[in-house]
Amino acid sequence: MNKLLITGFLVFCSLRSFSTCIAIYVAENGHIYVAADSRRTFFFNDGKDNNKVESICKIHNVGNNYFAISGFDDGGLLKAATAALQQNSNIDTAIKSFGTAMSKRYKLLMGDAKLFYPDKFRHFLNDGLADVSFFGFYNGTANVVNVEFFCSLDKDGKVITTYKIRPIMALTVIGLSRDITNSKPEDLPTAATMEQRPELYVEALVKIEAKMQPLAVSEPIDLLELKPDGAVWIRKNEDEAVTY
């Protein structure tokens, strides 16, 4: 892969590789609520400040299996997750297949990034590559699993890419979340909102990051309520990410 192609393909965000915010919450009623910002920003680093911004839906599904994407190479993540879910009926097998496939893809991409963009490659060493949440109902029970991708260097300076599978009990925020973490109690949605209007609760979390990080996270915010008997889109952007 030559440098010109790398320049046109690699997506580098000015804040970090996780320029999005997606909140997923398993509420008291057993339903899964998902809020995702819709901003997608490309920074093509060819010596110019040419930015492209578009609005896409970051929540996807294959049948009854849903997933949300945060991180570098979202088109590749979408393609790999879709293929894994289509080819494997068991969700655990599908997630492992997805992790293996993307780790191989990331190794190639990060090898090229290290060669052509060493300064930006260091951001991936510090921040990781991506978080992808898979969620749905299995045997009537809500299930949320995060897959986290990382890169590092071995003792000889060669790129290593790995992934970690992490089950989620109640709440996870993938992408930018530091402003949520650092918020004062009075700036967070209330416990009453969490219990009575969980869709507004996850939306409020994403809005915190949108307010503090407007170049990376912005409205409109897509909202999904997932029940054992199906999904209800409270709000949805119909535009999809492009797969590569």
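This dialogue walks through the sheets, helices and aromatic pairs of a predicted model.

Colleague: Start with the sheets. Which strand order does the open sheet containing E10 have?

Modeller: Read a sheet by strand order, then pairing sense. Here the order is E10-E1-E2-E11-E12, and the pairing is antiparallel. Strand E10 (171-175) and strand E12 (230-235) are the edges, each pairing on one side only. Neighbouring strands are turned by 15° against each other on average, direction ignored.

Colleague: How many bridges join E11 and E12?

Modeller: Strand E11 (residues 221-227) pairs with E12 over 5 bridges, in the antiparallel sense. For a register point, take Leu224, which stands opposite Trp233 in E12.

Colleague: What is the order of the open sheet that holds E7?

Modeller: That sheet has 5 strands, ordered E5-E6-E7-E8-E9, again with antiparallel pairing. Its edge strands are E5 (59-62) and E9 (159-168). The twist averages 20° from one strand to the next. Within the sheet, strand E7 (residues 130-138) and strand E8 (residues 141-153) share 9 bridges. Phe135 stands opposite Val144 in E8.

Colleague: Which strands does H2 touch?

Modeller: For packing, look at the contacts, then the angle. H2 packs on the sheet and touches E5, E6, E7 and E8. Its direction makes about 155° with that of E6. Helix H4 lies across E8 and E9, at about 135° to E8.

Colleague: Now H3. What span should its 26 residues give?

Modeller: Compare the expected span with the end-to-end distance. At 1.5 Å a residue, helix H3 (residues 91-116) should span 38 Å. Its end C-alpha atoms are 37 Å apart, which agrees.

Colleague: What caps the N-terminal end of H3?

Modeller: Asn90 does. A side-chain oxygen of Asn90 lies 3.0 Å from the backbone nitrogen of Asp92. As for burial, the buried residues of H3 include Ile91, Ile95, Phe98, Met102, Tyr106 and Leu109. Asp112 is also on that list.

Colleague: How many aromatic pairs are there in the whole structure?

Modeller: The search finds 9. A pair of aromatic rings is described by the distance of the centres and the angle of the planes. For Phe72 and Phe124, the centres are 5.1 Å apart and the planes are at 55°, so the pair is tilted.

Colleague: Why does that pair tie together separate parts?

Modeller: Phe72 lies in the loop between strand E6 (65-71) and helix H2 (74-87), and Phe124 lies in helix H4 (residues 118-127), so the pair ties together parts 52 residues apart in sequence. Both Phe72 and Phe124 are buried.

Colleague: Which residues do ring pairs link into a cluster?

Modeller: The cluster holds Phe67, Phe72, Phe98, Tyr106, Phe124, Phe134, Phe149 and Tyr163. Of these, Phe98 and Tyr106 are among the buried residues of H3.

Methods
Residues numbered from 1 in each chain as written. Predicted model: local features only at pLDDT ≥ 70, side-chain atom pairs only at ≥ 80, totals over all residues. Heavy atoms only, no water. Pairing = 2+ DSSP bridges. Helix = DSSP H or I, 4+ residues; strand = E, 2+ residues; numbered from the N terminus. Axes fitted to C-alpha atoms, helices over the stretch in contact; angles between N-to-C directions. Expected span 1.5 Å × (residues − 1). Buried < 20%, exposed > 50% of the residue type's maximum accessible area, 1.4 Å probe, protein only. Polar contact = N/O pair within 3.5 Å; in protein donor to acceptor, adjacent residues only side chain to side chain. Phe/Tyr/Trp six-rings, centres within 6.5 Å; stacked < 30°, edge-to-face > 60°. Contact = heavy atoms within 4.5 Å.
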